[in-house]
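User: Here is a structure I would like to go through term by term. Please say what each label rests on.

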Amino acid sequence: MISALRPSRFMPPGHNRIDVSFEFFPPKDEAMEKTLWDSVERLAPLHPSFVSVTYGAGGSTRERTHATVKRILHETGLTPAAHLTCVEATRDEIDAIVRQYHDAGVRHIVALRGDPVSGAGARYQPSPGGYENAADLVRGIKRVSSDFEVSVSAYPERHPDSPTLEADIDMLKRKVDNGATRAITQFFFENDLYFRFLDRVRARGIDIPIVPGILPVQNFHAAKNFATRAGASVPAWLAERFAGLDDDPATRKLIAAAVASEQVIDLLDRGLTSFHFYTMNRADLVYAICHLLGLRPAVQQAA
Ligand code: FAD
């Protein structure tokens, strides 16, 4: 089912299979709910190593994350990873959420600082009585239960709050020292940026997998806005590829598939075997790219 690949310097020895993970966001209404579950159903047979669910600001958004994670756990054979941030909550409140996840059977958390409630770009202030940052949160999660697997973020192009890339890598090191065992990167469009970052991370003695976050461009203008807020660069060649296609969704989709395939195949050729997809709750492009990577739905056994 899965193609065997040459061993990679980026993964633990002996690891020679492709693994993928898919990120979803919790739906806001019934229509979005249907889109999400149709996508989960379509992608599930590809056997991702986990599917993660993002976490927002505000009580109702958070409830939707918890509900989505629990539904994945109970109604699918998938392994959920719950995103969690330090925003607007005390340590006790966050610890209680972590305990609830543990009681429900969740064993993987993506631990993040999060953005200020007023939005990315505003100055971040830790919540009174809350976890200071993502490294602090990782420690708190591990304190609740050491059997949690904890993933964290990494920023090949520097996080916008960070004065230097070195400061980012220092933060990554603190997260790893506190128990994180996987980093998922912010999306990027130039693979060389990822490899330069990886060299610096490895030189700093960080040896956990740094899984590339791949954003298939469902909508170029939305992706560009998202990139600006996230501090990710959008190369001129990418804008050029989507230029003039605003009213041509069919061609846009073909271009999006070509762009993402080119990126992922290049990463594969350069030895990577793990990929995290920002699905935006849409399955088509991600499914096609996974097919290119050699992933096939598991064959159903006859009864
Ligand atoms: P960290 O890794 O803790 O920090 C990033 C950098 O900023 C570090 O260099 C750090 O030193 C620096 N820094 C942190 N705080 C300060 C400060 N006060 N002053 C100066 N420098 C500082 N957001 C959500 O709200 N929900 C999600 O579910 C979510 N999922 C994500 C998943 C992934 C894979 C990624 C890459 C990002 C995700 N985000 C999510 C976005 C993330 O919350 C924001 O980028 C946030 O601004 C930083 O959180 P972090 O844990 O990535 O930061």
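**Labels and their cut-offs**

User: Why is Cys86 called buried or exposed?

Analyst: Cys86 has a relative accessible area of 0%. Buried means under 20% relative accessible area, exposed over 50%, and partly exposed in between, with a 1.4 Å probe and protein chains only. Cys86 is therefore buried. Cys290, with a relative accessible area of 0%, is buried too.

User: What is the model, and how are its residues numbered?

Analyst: This is a predicted model, in which local features need pLDDT of at least 70 and side-chain atom pairs count only at pLDDT 80 or more, while totals for chains, interfaces and linings use all residues. Residues are numbered from 1 along each chain as its sequence is written, and side-chain values use heavy atoms, with hydrogens and water left out.

User: How many disulfides are there, and what would count as one?

Analyst: A disulfide is a pair of cysteine sulfur atoms within 2.5 Å. A search of the whole structure finds zero.

User: What makes Glu88 stand out, and is it buried or exposed?

Analyst: Glu88 is not a glycine, yet has a positive phi of about 50°. Glu88 lies in the loop between strand S3 (80-85) and helix H3 (91-104); helices (H or I, at least four residues) and strands (E, at least two) are DSSP runs, numbered from the N terminus. Its relative accessible area is 56%, so Glu88 is exposed.

User: Why does Met280 get the accessibility label it has?

Analyst: Met280 has a relative accessibility of 34%, and therefore counts as partly exposed. Phi of Met280 is also positive, near 55°, in a residue other than glycine. Met280 lies in the loop between strand S9 (274-278) and helix H10 (284-292).

User: Which residues are closest to the ligand, and which polar contacts are there?

Analyst: A residue is near a molecule if one of its heavy atoms lies within 4 Å of it. By that rule 22 residues surround the ligand, and the closest are Asp115, Ser153, Tyr155, Asp168 and Lys175. A polar contact with the ligand is a pair of N or O atoms within 3.5 Å. An N or O atom in the side chain of Ser153 is 2.5 Å from a ligand oxygen atom, and for Asp168 the distance to a ligand oxygen atom is 2.4 Å.

Notes. Polar contact = N/O pair within 3.5 Å; in protein donor to acceptor, adjacent residues only side chain to side chain.
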